[in-house]
Amino acid sequence: MAFIDIKFPKSLYRALHIPVSSTKRQQLKVLQKLLKRARFTEFGQKYLFDQILLSKHPAKNFQKIVPIFSYEKIYKEWWFRALEGKPDVCWPGIIKFFALSSGTSDASSKYIPITKELIRANTLTSFRQLISLASYNNVPKKYVGKGWLMLGGSTHLQKSATFYAGDLSGIQAKNIPFWFQGMYKPGKKIAKVSDWSKKLDEIVEKAPEWDIAFLVGVPAWVQLCMEKVIERYRLKNIHEIWPNLAFYVHGGVALQPYKKGFDKLLGKSITYIETYLASEGFLAFQNRQNAKGMKLATNNNIFFEFIPFDQNNFDADGNLVSNPQTLMVHEVEKDKNYAILISTNAGTWRYLIGDTVQFVDVEKSEIIITGRTRHFLSLVGEHLSVDNMNKAIKLVSDDLNISISEFAVAGIPYGDFFAHQWYIGTDDSINSESLKILIDKKLKELNDDYEVERNHALKEIFVDILSEETFMNFMKSKGKVGGQHKFPRVLKGKMLEEWLKFLEEVKA
């Protein structure tokens, strides 16, 4: 580990060096550890954690005894009491932090419990990813000890009588190890700023003082930050001010739609590292250079289960049916869509996180995120996933040599049948009819079901071209700026209504 210019505590090295074993064994150990820790909580007592631990097949009995929970169900039955300050509800002790997460489709905030154990586990997974850079080829590893600009939520958390609440990124930043604080940018003072525009202005002013090697954050906001720095100092590219910029750590949304926009801002190539950090925990990370997927964190604090994302387990609206099929990590198959259940050391039990994934390498437990259980379009059986959409937009951008930074799709009635309405965010000049034809063509190539339905009930697609600023302004109008907030790829229900109303106001 000589390539890293950081002196880690010895205890951290011991924690990171976990013996190699099968993912099945790792997951069983994680489950047993979670059950032991929580067996005296109200949840553990009700669902017989002691009996599960003593049984011959604890994983199977865990799946049999403990029901599956959506956010609404687990909050209504359990988490609301933890929010009131009651101890030992789903996890030992009092929960002092809650991550505020509204996702991309729900206007009301969700309160996700964050424990000191979860914060520590997230930190350990982060360093496992950092240390994995040792296996990368042709990567300037000497830069790892330089500046890390992390564009996350404010560390100035909302305080109530019994807890603090805010973005997970803000909670994590508030709890970063002391020895990392010298590298962490924008620093404690700027990190506390809640107003995203003001925070961005202060980052731009400080930019010349920093030697940044890592950028960390959601693509849209990182891109905006680089654009503002380049504009402020009249640069040709971001490397003129940060010559050692070598890595971009991203997650939350697919990078493909932003890649061409990023390339315009860079003076040289950088290494892109994907992560899967949700409010509920650090689920996976890219640990191999040029790997197609991210490795699940199977040996830390999360017990994973997978539900085949098909008509046997979900209805047409993406709602889970009763008694769905659930699988452990060693039971999954390659290239099939699965919804994820997680149980963690924050009192999250058999929780349907809402994401869908595919395993691109079963042996290595490597996944790609393909969408959300409720963020897909299947009006007439076209089964169009967010992954299909991302790939189509990437192909279209490459063919037309344009940058499409944002997009969204809605299903709409069309006579007696249906159509897809696309909203495309680009500042490049392009004819909407040409764009429509090409998007349609690429989707037919990527998705056989889509191609079939385009000849039947899915009669038309429409494309509206909007400025990139329009998407940003909508997010600002919803109070969803910076940090972990991203524009929804599929518009349905209330979010669609609000989007259409916003567009009408913009036109007026």
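# Helix packing exercises

**Exercise 1. Work out which elements cover the buried residues of α5, and then decide where around the helix those residues sit.**

Step 1: List the cover. In this predicted model, the elements over the buried residues of α5 include two helices, α2 (23-38) and α4 (49-54), along with the strands β12 (303-308), β13 (337-344) and β14 (348-361).

Step 2: Name what is being covered. Helix α5 spans residues 58-65, and its buried residues are Pro-58, Ala-59, Phe-62 and Gln-63.

Step 3: Look down the axis. These residues take up an arc of only 135°, which means that they are on the same side of α5. The spacing fits a general rule: an α-helix has 3.6 residues a turn, so residues three or four places apart point the same way.

**Exercise 2. Describe how α2 packs on α5: angle, handedness and residues.**

Step 1: Start with the geometry. Two packed helices are described by the angle between their axes and the distance between the axes. For α2 and α5, the axes come within 10 Å and cross at roughly 55°, which makes α2 oblique to α5.

Step 2: Add the hand. The α2 and α5 crossing is left-handed.

Step 3: Pick out the partners. On the α2 side you'll find Leu-28, Leu-31, Gln-32 and Leu-35, and they meet Pro-58, Ala-59 and Phe-62 of α5.

Step 4: Sort by class. The contact comes out as six nonpolar residues, one polar and no charged.

**Exercise 3. Do the same job for α10 and α11, and say what kind of residues form the contact.**

Step 1: Get the angle. Helix α10 (residues 196-206) and helix α11 (residues 219-232) have axes that come within 10 Å and cross at roughly 50°. That angle makes α10 oblique to α11.

Step 2: Get the hand. Here α10 passes α11 in a right-handed crossing.

Step 3: List both sides. From α10 come Trp-196, Leu-200, Ile-203, Val-204 and Glu-205; from α11 come Trp-221, Leu-224, Cys-225, Lys-228, Val-229 and Arg-232.

Step 4: Count the classes. There are eight nonpolar residues, no polar ones and three charged ones.

**Exercise 4. Place α12 in its surroundings, starting from its contact with α13.**

Step 1: Take the pair. The axes of α12 (residues 256-265) and α13 (residues 386-400) come within 7 Å, crossing at roughly 35°.

Step 2: List the contact. Gln-256, Pro-257 and Lys-260 of α12 meet Asn-390, Lys-391, Ile-393, Lys-394, Ser-397 and Asp-398 of α13. By class, that's two nonpolar, three polar and four charged residues.

Step 3: Check burial. Pro-257, Tyr-258, Lys-260, Gly-261, Phe-262 and Leu-265 are buried in α12. Their cover includes α11, β8 (247-251), β9 (271-278), α13 and β16 (406-414).

Step 4: Follow one loop residue in. Ser-405, in the loop between α13 and β16, touches Pro-257 and Tyr-258, as well as Gly-425, Glu-468 and Arg-489. With a relative accessibility of 6%, Ser-405 counts as buried.

**Exercise 5. Is Lys-110 buried or exposed, and which residues does Lys-110 touch?**

Step 1: Locate the residue. Lys-110 lies in strand β2 (residues 110-114).

Step 2: Apply the cut-off. Buried means under 20% relative accessible area, and at 18% Lys-110 counts as buried.

Step 3: Find the contacts. Leaving out residues up to four places away in sequence, Lys-110 touches Tyr-71, Ala-99, Leu-100 and Ser-101.

Step 4: Tie it back to α12. Lys-110 and Gly-261 are 151 residues apart in sequence, and their C-alpha atoms are 32 Å apart in space.

Notes. Residues numbered from 1 in each chain as written. Predicted model: local features only at pLDDT ≥ 70, side-chain atom pairs only at ≥ 80, totals over all residues. Heavy atoms only, no water. Axes fitted to C-alpha atoms, helices over the stretch in contact; angles between N-to-C directions. Helix = DSSP H or I, 4+ residues; strand = E, 2+ residues; numbered from the N terminus. Parallel < 35°, antiparallel > 145°, perpendicular 65-115°, else oblique. Left-handed = near helix turned anticlockwise from the far one by under 90°. Contact = heavy atoms within 4.5 Å. Nonpolar A, V, L, I, M, F, W, Y, C, P; charged D, E, K, R; others polar. Buried < 20%, exposed > 50% of the residue type's maximum accessible area, 1.4 Å probe, protein only. Arc of directions from axis to C-beta.
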